[in-house]
Protein chains: 2
Amino acid sequence: MLGTGGGGDVRTGSLAATRAIREYGEVPLVRLADLADDALVVPLSGIGAPTVSHEMIHSEDEPKRVAEEVERLFGRPPSAVMSSEIGGSNGVAPVAWAAQLGLPLLDADGMGRAFPEVQMVSMYVAGLPADLVIMSDVAGNVVTIRPVDGLWSERLARAVCVAAGSHALMADYVLTAAQARGAVIEGTVTRALEIGRATEGAADPLQALQDRLDAVRLITGKLTDVERRTTGGFVRGTATIEGTGADRGRRLTMELQNENLVAIEDGQVRAMVPDLITVVDTETAAAVQTEALRYGQRVTVLAWPCDPLWRTPKGLDTAGPRAFGYELDYVPVEELMTRG
Amino acid sequence: MLGTGGGGDVRTGSLAATRAIREYGEVPLVRLADLADDALVVPLSGIGAPTVSHEMIHSEDEPKRVAEEVERLFGRPPSAVMSSEIGGSNGVAPVAWAAQLGLPLLDADGMGRAFPEVQMVSMYVAGLPADLVIMSDVAGNVVTIRPVDGLWSERLARAVCVAAGSHALMADYVLTAAQARGAVIEGTVTRALEIGRATEGAADPLQALQDRLDAVRLITGKLTDVERRTTGGFVRGTATIEGTGADRGRRLTMELQNENLVAIEDGQVRAMVPDLITVVDTETAAAVQTEALRYGQRVTVLAWPCDPLWRTPKGLDTAGPRAFGYELDYVPVEELMTRG
């Protein structure tokens, strides 16, 4: 994930959202079709290394300072908050930010999953110029970046994030509703809610989740090795899962950069970005974020197809395996599955 | 110095200025008293490690992009360019930037010398809030920082500078003429011109320079050791000069961070920041910048008092020896001279 703006993992993000709703009131969910063409949508996310953001104190002033800067630059206040990435705490924390700002939340996001780098958003793939980033940190600084392209937005935003203590709140793009149409992935908040409802209280949460996502089960087993380091504002490393039960004797290795990027078994790639690879607790089906992976955990690794936008040539250029330095040609997870 | 925005040392800066004047016309020098209260003054400087900026290609678009951002933020274009620091190429390059923008140059600067860090400007010492920095790099990116204080402006601007390739053009503060009165050091461009006229073609340029500055001659000798490293956007190190002629047997050591910070002889401090310590070519009296120090050079080290602003408590807090990590109580150079 870009970072954990709500002040930690999904649970901490949920607590922040619950508290904000109690204090500021319910957050209406709006569809893009409900917004006037010139209404401003602010895609918000936390940026930073998750291991750091867990220890950061979250300030409620950060969203307000971003909204003030939007109004200063555009001459009108934002009309809605959007999650930049629906995965991790960045999928939940925008509820808190919207509540604090008294704004509705847009039923959409910029990834349909989570990605570690700033330019890896649907708006960029859709061809909207990555020409504005607004950042606000805990100390109270506000930085506005007008980058020449998406790669520079990542480079400069990451540098600012590291200088600000490896954590900041970020608006990557400010969109009119007209610009957002076709450039964001719609319905993802609703889908997340549906998944939550399907698994919560289910007799077999893992099976319910797998069915809902139409996901491949890559392995069920035990985490036997986790190697992780925080570098340049990212958490990088590898994790190894040894199969248990029906999967005994198998072994899956995952490459990490804030997210799970590539899953390998017996030298064969089983799934790769931009398809989704998710580690969940085998018993509860709760997602285990990369920074929470611990030796001995009983987990299952699921994989499922990304939004079709990411499978276009520009989508793969932006967030395919080569964008992360892997010399791999992308093969969709459903094809890899039939090969195995 | 903050960096060498003109694309290199003083000579390169002079060439850029000469070329810009030829292409865009003469640059009028204006006094602060000539400007209307609400006229906008943009203090410009290059920021970066000088050893890097020597190798950077300078883009003429950088000042234009800063001026555009000023107009976007303030609703009116700037009325004059000011040099943030009169020392090094940042003292000369603003002539080129003013020519490119078709603006006059203000007869003033923000230091009355050169300093390595962003917050070390007279505006900060005078109590103006350090709440706006605009940066523009060779790639075309523009970054606007609204820092909570001067120390954050340095921290964030330095991070952006390093990410942009260790060189950028920077407006540190944008001042109305009313704000600038009493918060900038006036007359320094005129003084620099007078020094140039006094030394150029003089029979004894070094003596002419020393007289004009009312400077102490710390040593005349040969550079026998230079240790320098580029780290975090700065050049740091030490330089040793062994006396020759009348100074034979003496040895002066200087501590560097882009500028000469402390001069020590026989364990005794001879001069320290914020007073000026300058290395000049013994024959021509031309200044030798820290990044141009080379083994074997025949040099003279001069020291003279800084502007009184730097000797106030806030001035010393900002740019006294302790601001650079030296556990020294500031003693003015003229007092140290009488002690020796």
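Colleague: Where in chain A is the place of Pro274(A)?

Modeller: In this predicted model, a cis peptide bond joins Val273(A) and Pro274(A), with omega at about 5°. Most residues other than glycine have a negative phi, and most peptide bonds are trans. As for its position along the chain, Pro274(A) is found in the loop between β14 and β15 of chain A.

Colleague: Which residue of chain B is joined to Val273(B) by a cis peptide bond, and in which loop does that residue lie?

Modeller: The bond in question has an omega of about 5°. The loop concerned is the one between β14 and β15 of chain B, and the residue lying there, joined to Val273(B) by the cis bond, is Pro274(B).

Colleague: What is the phi of Ser166(A), positive or negative?

Modeller: Ser166(A) belongs to the loop that runs between α6 (150-163) and β7 (167-172) of chain A. Although Ser166(A) is not a glycine, its phi is positive, at about 65°.

Colleague: Why is one side of β14 and of β15 in chain A left without a neighbour in the sheet?

Modeller: The sheet of chain A is an open one of seven strands, paired in the antiparallel sense and ordered β14-β13-β12-β11-β10-β16-β15. Because β14 (268-272) and β15 (276-281) of chain A stand at the edges of this sheet, each of them has a single partner strand.

Colleague: How many bridges pair β11 with β12 in chain A, and which residue of β12(A) stands opposite Ile241(A)?

Modeller: Strand β11 of chain A covers residues 234-243 and strand β12 of chain A covers residues 251-257, and the two run antiparallel, paired over seven bridges. Within β12(A), the residue opposite Ile241(A) is Leu252(A).

Colleague: At what angle to β16(A) does helix α9 of chain A run?

Modeller: Helix α9 of chain A, made of residues 205-213, lies across β10 (216-231), β15 and β16 (298-304) of chain A. Its direction relative to β16(A) is given by an angle of about 10°.

Colleague: Turning to chain B, which strands are at the edges of its open sheet, and what is the average twist?

Modeller: Chain B has an open sheet of seven antiparallel strands in the order β14-β13-β12-β11-β10-β16-β15. The strands that pair on one side only are β14 (268-272) and β15 (276-281) of chain B, and from one strand to the next the twist averages 35°.

Colleague: How much area is buried between chain B and chain A, and which three residues of chain B supply 31% of what that chain buries?

Modeller: The contact takes 22 residues from chain B and 22 residues from chain A. The area buried between the two chains is about 1800 Å², with carbon and sulfur atoms giving 58% of it. Of the area that chain B buries against chain A, the 31% comes from Asn141(B), Arg146(B) and Ala163(B), which supply more than any other three residues.

Colleague: Which strand of chain B is joined to β6 of chain A, and what is the bridge partner of Val142(A) there?

Modeller: Strand β6 of chain A, residues 142-146, is joined across the chains by five bridges to β6(B), and the two strands run antiparallel. Within β6(B), the bridge partner of Val142(A) is Arg146(B).

Colleague: How many salt bridges does the rule find across the interface, and which residue of chain B meets Glu69(A) in a salt bridge?

Modeller: The whole structure holds 30 salt bridges over all chains, and across the interface of chain B and chain A the rule finds two. In one salt bridge, the side chains of Glu69(B) and Arg146(A) meet at 3.1 Å, N to O. In another, also at 3.1 Å, N to O, the side chain of Glu69(A) meets that of Arg146(B).

Colleague: Which element gives the most residues to the side of chain B that touches chain A?

Modeller: Nine residue pairs are in polar contact across the interface, with both residues at pLDDT 80 or more. The elements giving two or more residues to that side of chain B are α3 (61-74), β6 (142-146) and α6 (150-163). By class, that side has 13 nonpolar, four polar and five charged residues. The element that gives the most, with six residues, is α6(B).

Methods
Residues are numbered from 1 along each chain as its sequence is written. Chains are lettered from A and ligands numbered from 1 in the order in which they are written. This is a predicted model: local features need pLDDT of at least 70, side-chain atom pairs count only at pLDDT 80 or more; totals for chains, interfaces and linings use all residues. Side-chain values use heavy atoms; hydrogens and water are left out. Two strands pair if DSSP finds at least two bridges between them. Helices (H or I, at least four residues) and strands (E, at least two) are DSSP runs, numbered from the N terminus. Axes are lines fitted to C-alpha atoms, for helices over the stretch in contact, and angles run from 0 to 180 degrees between N-to-C directions. Contact means heavy atoms within 4.5 Å. Buried area is the accessible area (1.4 Å probe) that two parts lose on being put together, summed over both. A salt bridge is a side-chain nitrogen of Lys or Arg within 4 Å of a carboxyl oxygen of Asp or Glu. A polar contact is a pair of N or O atoms within 3.5 Å; within protein, one must be able to donate a hydrogen and the other to accept it, and residues adjacent in sequence count only if both atoms are side-chain atoms. Ala, Val, Leu, Ile, Met, Phe, Trp, Tyr, Cys and Pro count as nonpolar, Asp, Glu, Lys and Arg as charged, and the others, Gly among them, as polar.
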